Amino acid sequence: MESLLKQIKQNFPLRYFYGESANAIKIQVWVTLIANLLMTLLQKGVSRSWSFSALATIVRIMLMYYIDVKGFLEHPEKDWEEALAAMLESPPELVET
């Protein structure tokens with residue numbers, strides 16, 4: 001139990017509460033527990049060895065991009081090179097008719 005609380009405290013810092021009622025605090029704690037569960041399932045589902053804090057950081061950064069998280073965590077170099085190549089690809093030239 002202590003390791004779970006330590007993991008939550010390190011990876012999901014609680015800087016402030018979003019509400020002042022007991023219900024708002026309970027919801028925030030439950031969301032943190034669910035996020036921790038999802039991160040643990042993702043960590044166990046990937047064959048490559050990742051530390052929990054590195055995994056949480058990568059997922060937090062990647063949330064705003066349309067990249068397959070599990071595929072990226074399996075082969076980060078390959079997917080990163082493909083994403084860069086797609087970004088650097090020049091747009092097709094316009095054909096005048």
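A helix here is a DSSP run of H or I at least four residues long, numbered from the N terminus. Keep that handy, and remember that this is a predicted model.

**Exercise 1.** Find out where methionine 39 sits, and decide whether this residue is buried or exposed.

*Solution.* Start with the element: methionine 39 belongs to helix H2. Next, bring in the cut-off: buried means under 20% relative accessible area. Methionine 39 has 11% relative accessibility, so this residue counts as buried. One more look at its surroundings: phenylalanine 52 is 13 residues away in sequence, and the two C-alpha atoms are 7.6 Å apart in space.

**Exercise 2.** Do the same for threonine 32, then work out which backbone atom its side chain lies 2.9 Å from.

*Solution.* Threonine 32 is in helix H2, which covers residues 22-45. Its relative accessibility is 18%, so threonine 32 counts as buried. Now for the side chain: one of its polar atoms lies 2.9 Å from the backbone oxygen of glutamine 28.

**Exercise 3.** Track down the salt bridge and say which parts of the chain the pair links.

*Solution.* First, the idea: side chains of opposite charge can pair when their charged atoms come close. The cut-off for the N and O atoms is within 4 Å. The count comes to one salt bridge. Its partners are arginine 48 and glutamate 77, with their closest N and O atoms 3.7 Å apart. This pair links distant parts of the chain, 29 residues apart: arginine 48 is in the loop between H2 and helix H3 (52-62), while glutamate 77 is in helix H5 (residues 76-88). Last step, accessibility: arginine 48 comes out as partly exposed because its value is 34%, and glutamate 77, at 48%, counts as partly exposed too.

Definitions and conventions: Residues numbered from 1 in each chain as written. Predicted model: local features only at pLDDT ≥ 70, side-chain atom pairs only at ≥ 80, totals over all residues. Heavy atoms only, no water. Helix = DSSP H or I, 4+ residues; strand = E, 2+ residues; numbered from the N terminus. Buried < 20%, exposed > 50% of the residue type's maximum accessible area, 1.4 Å probe, protein only. Polar contact = N/O pair within 3.5 Å; in protein donor to acceptor, adjacent residues only side chain to side chain. Salt bridge = Lys/Arg side-chain N within 4 Å of Asp/Glu carboxyl O.
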